[in-house]
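Biologist: I'm new to this structure and would like a close look at one part rather than a quick tour. Could you pick a spot, walk me through what sits around it, and then place it in the whole?

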Amino acid sequence: MDMVSHDDIKDRRKRAVKTALALAFVATMIFIAFILSGVLGTT
Amino acid sequence: MSIESHDAAHDDNHDHKPTGFLNRWLFTTNHKDIGTLYLVFALLMFFIGGSMAMVIRAELFMPGLQLVEPEFFNQMTTMHALIMVFGAVMPAWVGFANWNIPMMIGAPDMALPRMNNWSFWILPFAFTMLLSTLFMDSGGPAAGWTLYPPLSLQGGQSFAFVVFSIHMMGISSIMGSINVIATILNMRAPGMSLMKMPLFVWTWLITAFLLIAVMPVLAGAVTMLLTDHFFGTSFFNAAGGGDPVMFQHIFWFFGHPEVYIMILPAFGVISEILPTFSRKPLFGYTAMVYATASIAFLSFIVWAHHMFTVGMPLTGELFFMYATLLIAVPTGVKVFNWVSTMWKGSMTFETPMLFAIGFVVLFTIGGLSGLMLAIAAADLQYHDTYFVVAHFHYVLVPGSVFALMAGVYYWLPKWTGRMYSEKWGKIHFWISAISVNILFFPQHYLGLAGMPRRIPDYSTQFADFNMISSIGGFIFGASQLIFVGVVAHCVFRSRQAATGRVWEGAKGLEWTLSSPPPYHSFNTPPVIDSSTVAHAEGTH
C-alpha cells in the first residue's frame with residue numbers, strides 16, 4: 001500500500017493554501033476589472 | 001485489494017467527534033458535518049422559496065387580483081428566484097461536494113477545513129438579511145432576480161441590504177469553490193489521477209472554476225448598482241452618461257455561466273447513478289469530461305442571447321445565436337452517453353434511478369425549448385413570456401432539483417448507515433414527476449400565446465392553462481413533504497441497516513467505506529485500483 005506520511009499531508013495542505021491564495025487573487029482581479037470597466041465605460 | 005479489506009483498512013479510525021451541540025455544528029471543520037449543514041440549510045431554503053412559489057401560483061390561479069398586491073407579487077417572484085438559486089440549489093450542491101468529494105478522491109477532509117466552516121456560516125446571515133427586507137418599509141427587492149436598472153434603483157433603503165446579502169452569498173460561493181479546487185488539485189490519494197476521478201468530482205471542479213470566474217462579476221455589478229442608488233454615480237443611469245444596457249451585459253456574463261453552475265454538478269450525479277443501476281461503466285467517460293469542459297467554455301460566450309430584444313447589430317445576434325446552438329453538441333454528447341450507458345444494461349429501478357431517468361427525459365425537454373429560444377428571430381416573440389419561464393423551470397426543477405433528489409436517495413444510505421423507504425421514495429418520485437409536468441408544461445402554451453412573465457393579472461384567455469399549472473404547482477409543493485418524511489424517517493427511525501456498498505452496482509471509493517462512514521475517513525490513503533475506480537471497464 002502506498003503510504004502517505006503526516007509530513008506529506010502537511011505539504012499537501014501548504015500547497016492547497018498556495019492554490020487558494022492564487023485563486024482568491026484571480027477572483028479579486030476579476031471584481032476590480034469589472035468595476036473598472038464600469039468606471040472607464042461611463043462618459 | 002477487496003472491498004471488504006478496504007472497509008477494514010478505513011474503519012479503524014477513532015471517531016473523535018466533538019461533544020456538545022455548538023462544538024459539533026457551529027465550530028465544526030469536518031467535511032461531513034459541514035455537508036450536512038449545507039444540505040439542511042438548502043432544504044429549509046427550498047421550502048421558504050417554495051412557499052413563495054405557492055403564493056405566486058395561488059395569485060395566478062384565476063385572472064384578476066385575488067390574494068396579494070401587485071408590488072408584493074413582484075417581491076415574491078424576485079425573492080423566490082434569489083432564494084432558490086443562491087439559497088437552495090447552489091448550497092445543496094456545495095453540500096454534496098463537501099460530503100462526497102473527499103471520500104471520492106480518498107482525501108481525509110477538504111483542504112481548508114476552517115474556511116469551509118466559514119463558507120457555510122456566512123450563508124444563514126446572508127439570507128436572514130435578504131429575507132428581513134420583506135419586513136422593511138420599502139419592502140423586498142421587486143425588480144426580478146436580474147435586478148435590471150433603472151427599475152431596481154427605484155426601490156428604497158432596503159436595497160442596500162439586498163446588495164450586501166448578495167455580496168455575502170458571493171463570498172461564500174467563492175470560498176467554497178476555492179476549497180473544492182484546492183482539495184481536488186492537492187488532496188487526491190496517490191494513484192488517483194485526474195482521469196480516474198469520478199465524474200461528479202470532475203463536474204464540480206469545472207463548476208468551481210466557473211464560480212470563481214463569474215461571482216466577482218456579479219459582485220461588481222451589484223456594487224455599481226449600490227453606488228448608483230446611494231452615492232450618486234451613474235454607471236447605469238443614462239441621464240448621467242451611464243448605460244442601463246451595460247448592466248444587462250455584465251449581469252448575463254455572470255448569469256449564463258450561473259445556469260451551468262446549477263446544472264453541471266447535476267450532470268455529475270446522473271453520471272454516477274445511471275452506471276450503478278445499469279450495472280455498466282459510464283459510456284464515454286473521457287468524452288463526458290471534455291463535453292463538460294466544452295459546455296463551461298461556451299457558457300462564457302453566449303450571454304447576450306438573454307437580451308436579443310435590447311437591439312444589437314445583426315452580426316452580434318448571429319454570433320450569440322450560433323454560439324448558443326453550439327452548446328447542443330456537448331449536451332447531446334452527454335444525453336447520448338447516458339442513454340448508451342443504460343443500453344443493454346441490467347437495469348433496476350430504485351428511487352435514485354427513477355429520478356435520474358426522469359432527469360434525462362425532462363432536462364432534455366428544457367434543453368430543446370432552450371434551442372427554440374436561441375433562435376434570435378423567434379426569441380423576439382418568446383422573450384419575457386411564460387415560454388421562458390417554462391424553459392428554465394424544466395432545466396432547474398426536473399433538471400437540477402431532480403438530480404439533487406436522485407443524489408440524496410443514492411447517497412443517503414451511505415451518509416446515515418440506514419436505508420430509506422423505497423416504497424415512499426417511489427411514491428415521491430411519481431407524484432413529483434407527474435405534477436411537475438402539470439405545473440410547467442402548460443406554461444409553454446401560455447408563453448406562445450403571449451402571456452408575459454412577472455405579471456400578477458392576465459387576460460381571461462389564459463385562465464384555463466393557469467389554473468392547470470397552479471393545481472400542478474400545489475401538488476408538486478405538497479409532494480415535497482413526502483421527501484422530508486422519507487429523509488426524516490431514514491435518519492431517525494429506519495431500522496434497516498445499509499451495507500458499505502449499499503447498491504449492488506456501486507463503484508468508487510466512497511462505497512469502500514462503511515455506512516455511515518467513519519467521522520474521519522481515509523486518514524490512511526486508499527489503494528486506487530480497478531475495484532475503486534468508478535468508471536473502469538470490466539468492473540461492473
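Modeller: One term before we start: a residue counts as buried if 20 or more other C-beta atoms lie within 10 Å of its own, as exposed if 12 or fewer do, and as partly exposed in between. Also keep in mind that this is a predicted model.

Let's go to helix H12 of chain B, which runs over residues 351-374. H12(B) is mostly covered, with 17 of its 24 residues buried. From its first C-alpha to its last it reaches 34 Å, close to the 34 Å expected at 1.5 Å a residue.

What does a residue elsewhere in chain B find when it meets this stretch? Take Ile270(B): leaving aside residues up to four places away in sequence, it touches Trp338(B), Ala356(B), Phe359(B), Val360(B), Ala403(B) and Ala406(B). Ile270(B), Phe359(B) and Ala406(B) also turn up among the best-connected members of the largest nonpolar core, along with Ile105(B), Val201(B) and Ala221(B). These six touch the most other members of that core, which holds 175 residues. That fits a general habit: in soluble globular proteins, nonpolar side chains tend to be buried together.

You can put another helix next to H12(B) for reference. H6(B) has 28 residues and spans 40 Å from end to end, close to the 40 Å expected at 1.5 Å a residue. It is mostly covered too, with 21 of its 28 residues buried.

Now follow the chain on to helix H14 (residues 386-416), where you'll find Lys414(B). Why is Lys414(B) classed as buried? It has 24 other C-beta atoms within 10 Å, and the class starts at 20. Its contacts beyond four places in sequence are Ala498(B), Val502(B), Glu510(B), Ser515(B) and Pro517(B). One of these, Ser515(B), is 101 residues away from Lys414(B) in sequence but 4.8 Å away in space, C-alpha to C-alpha.

Two of the contacts of Lys414(B) lead us to backbone details. For background, most residues other than glycine have a negative phi, and most peptide bonds are trans. Val502(B) is not a glycine, yet its phi is positive, about 65 degrees. Val502(B) sits in the segment after H16 of chain B, and it counts as partly exposed because it has 18 C-beta neighbours inside 10 Å. As for Ser515(B), a cis peptide bond joins it to Pro516(B), with omega about -5 degrees. Pro516(B), too, lies in the segment after helix H16 (463-492).

Each of these details has a counterpart elsewhere in chain B. Pro149(B) and Pro150(B) are joined by a cis peptide bond, with omega about 5 degrees. You'll find Pro150(B) in the loop between helix H5 (113-132) and helix H6 (159-186). Arg454(B) has a positive phi near 60 degrees, and its place is the loop between helix H15 (422-448) and H16. With 16 other C-beta atoms within 10 Å, Arg454(B) is partly exposed.

Step back and look at chain B as a whole. It has 16 helices and 0 strands, and 54% of its 540 residues count as buried. Its C-alpha trace spans about 70 × 50 × 45 Å along the principal axes. The radius of gyration is 23 Å, which agrees with the value near 24 Å for a compact globule of 540 residues. Among contacts in chain B with a separation of 6 or more, 83% join residues 24 or more positions apart.

How far can you lean on this? The pLDDT of chain B averages 94, and 96% of its residues score at least 70. Be more careful with residues 1-12 of chain B, where pLDDT stays under 50 and the model has 20 contacts beyond four places in sequence. Where pLDDT is low, the predicted coordinates should not be read in detail.

Finally, there is the partner. Chain A has 1 helix and 0 strands, and 19% of its 43 residues are buried. The contact takes 21 residues from chain A and 28 residues from chain B. On the chain A side, those residues comprise 12 nonpolar, 5 polar and 4 charged ones. The scores for the model are ipTM 0.88 and pTM 0.94.

Technical notes:
Residues numbered from 1 in each chain as written. Chains lettered and ligands numbered in written order. Predicted model: local features only at pLDDT ≥ 70, side-chain atom pairs only at ≥ 80, totals over all residues. Contact = placed C-beta atoms within 7 Å. Nonpolar A, V, L, I, M, F, W, Y, C, P; charged D, E, K, R; others polar. pLDDT = per-residue confidence, 0-100. Helix = DSSP H or I, 4+ residues; strand = E, 2+ residues; numbered from the N terminus. Rg over C-alpha atoms; globule rule 2.2 N^0.38 Å. Core = buried A, V, L, I, M, F, W, Y, C linked by C-beta atoms within 7 Å. Expected span 1.5 Å × (residues − 1).
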